[in-house]
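Me: Can we go through a protein model together? I'd like to learn how to read its features.

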Amino acid sequence: MEEVLKQLFEKYTGQKVDEITELNSSGSNRRYFRLRGGLVSIIGVIGTSQEENNAFITLSRHFGEKGINVPKVFAVSNDGMAYIQEDLGDSILYNEVSHGRESGEYSSYERNLLCKVVEKLPKIQFKGADGLDWNVCYPEPAFGERMILFDLNYFKYCFLKATGLDFNEVRLQDDFEKFKEDLLEDMGETFMYRDFQARNVMLKDDVPYFIDFQGGRKGPIYYDVASFIWQARARYPEDLKEDMLSAYLRSVRTFLPDLDEAHFREKLRQFVLFRNLQTLGAYGFRGYFEKKPHFLASVPFAIDNLRRLLRKPFDKYPYMNEVLTKLTRMQQFYEIAEDKRLEVSIYSFAYKKGIPVDSSGNGGGYVFDCRAVNNPGKYEYYRQFNGMDKEVIKFLEDDGEILFFLDNVYRLVDVHVKRFIERKFTHLQVCFGCTGGQHRSVYCAEHLAEHLAKKFDVKIKITHRELDIEKML
């Protein structure tokens, strides 16, 4: 087949092939080659399915006509099993954001790049769907009931059962049926990329181009947003996820000016859950059954995503929610998921009982004295409450001193956390002290924890020593 690629190259360019190099296929069954001749460089592709090749070729030409950045297909073999396309170079979004993925702290360049890519998605979804013959899509023309049930059962049999977690299969299937109906609610006449991820975005002169869309079909807009922003191993901090989602919402309003954002977010949350279960199913099959350790190593990231998602329960699917919650609490996943990340231990305490000891043995960190902030504890009414109660929160925030205090704390601790992540340290302790360890210090500990959880991919342990409360965030 390589000879066929050479013939296509020479016929299209009028140049002889001087060099042909096979490229990494990233797990795909298709084989990719870079062919060079004279000053011309072109990518050659050899596929295993004529239908799949035809889907890519047809979609590429259709998208190109709509002004969407995809590689141009120059020529196709007579049997449709090989073709040559535009060479976009070697810059892949996945590699461009590798520092953020490995450290959990994304630079402003990486953040801007990710948001720029997400802003392009609505154009693919809406313009890409305009006038498209859905019958060309492979292997299915549309997202539908069979695909959903295949993936949910893939999760159940390839992952859930393999963990050893006991569950009632009939009750779980009942919730799967309800879940399926909700996922099918807002189909729309839009293109669903299906594999919208950082590995499938090329950068040519810093402009995003999109590849590997041959599995796309008609489907709901939520699917690709969930796939990209909640990708398991990306380790996007919560504030970056929100930035990307905001970028998408701004862009999609070009096509849906009357978009109901509350409804969109609720539907998106369902698809984030669905994609998470899909991912675990794939990791389970590749890891537990095909014995590929790379996929087992990825499981904790997906479980951690699920753990965060379930902080707000899916009340509409009570049994599924119960089973998934038990899954995220299994010790085998909890420990593996978090053992390599920086742990920030945050304490509230009363000075009269001494500063908390650093049990990690590392020493260092911060101790912040909250006693300069106006104290609600000097008023009888507030003595029955603590810094997590709305009455104390309102008092402190109306007064305002604590907000200024925390702004300065955030600036100091953010720099420390960022550097510790870069240096792969495992522990940092931050303590807040006040007179009784009940109001101001508790408020500050809670708010620093919330701030760090949104900004960094770190473990956070909160201890309110005088309240005898300890929790992981």
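Reply: Let's take a sheet, then some salt bridges, then one residue. This is a predicted model, where local features need pLDDT of at least 70 and side-chain atom pairs count only at pLDDT 80 or more, while totals for chains, interfaces and linings use all residues. Residues are numbered from 1 along each chain as its sequence is written, and side-chain values use heavy atoms, with hydrogens and water left out.

Me: In what order do the five strands of the open sheet come?

Reply: In general, strands of a sheet pair through backbone hydrogen bonds, either parallel or antiparallel. Here the order is β1-β2-β3-β5-β4, with antiparallel pairing. Strands (E, at least two residues) and helices (H or I, at least four) are DSSP runs, numbered from the N terminus. Two strands pair if DSSP finds at least two bridges between them. β1 (19-23) and β4 (73-76) are at the edges with a single partner strand each, so one side of each has no neighbour in the sheet.

Me: How many bridges join β3 to β5?

Reply: Five, between residues 40-46 and residues 82-86. One example is I46, whose bridge partner in β5 is A82.

Me: What about salt bridges?

Reply: The general idea is that side chains of opposite charge can pair when their charged atoms come close. The rule asks for a side-chain nitrogen of Lys or Arg within 4 Å of a carboxyl oxygen of Asp or Glu. By that rule, the count is 45. Take E86 and K204, whose closest N and O atoms are 3.1 Å apart. This pair links distant parts of the chain, with E86 in β5 and K204 in β7 (residues 201-204), 118 residues apart.

Me: Is E86 buried or exposed?

Reply: Buried means under 20% relative accessible area, exposed over 50%, and partly exposed in between (1.4 Å probe, protein chains only). E86 has 11%, so it's buried, whereas K204, at 28%, counts as partly exposed.

Me: Where do E422 and R419 lie?

Reply: Both are in helix α15 (residues 401-422), three residues apart, about one turn of the helix. Their side chains meet in a salt bridge of 3.5 Å, N to O.

Me: And which residues does L473 touch, leaving out those up to four places away in sequence?

Reply: Contact means heavy atoms within 4.5 Å. L473 touches R311, A449, E450, A453, I460 and I462. L473 and R311 are 162 residues apart in sequence, but 10.0 Å apart in space, C-alpha to C-alpha. With 40% relative accessibility, L473 counts as partly exposed.
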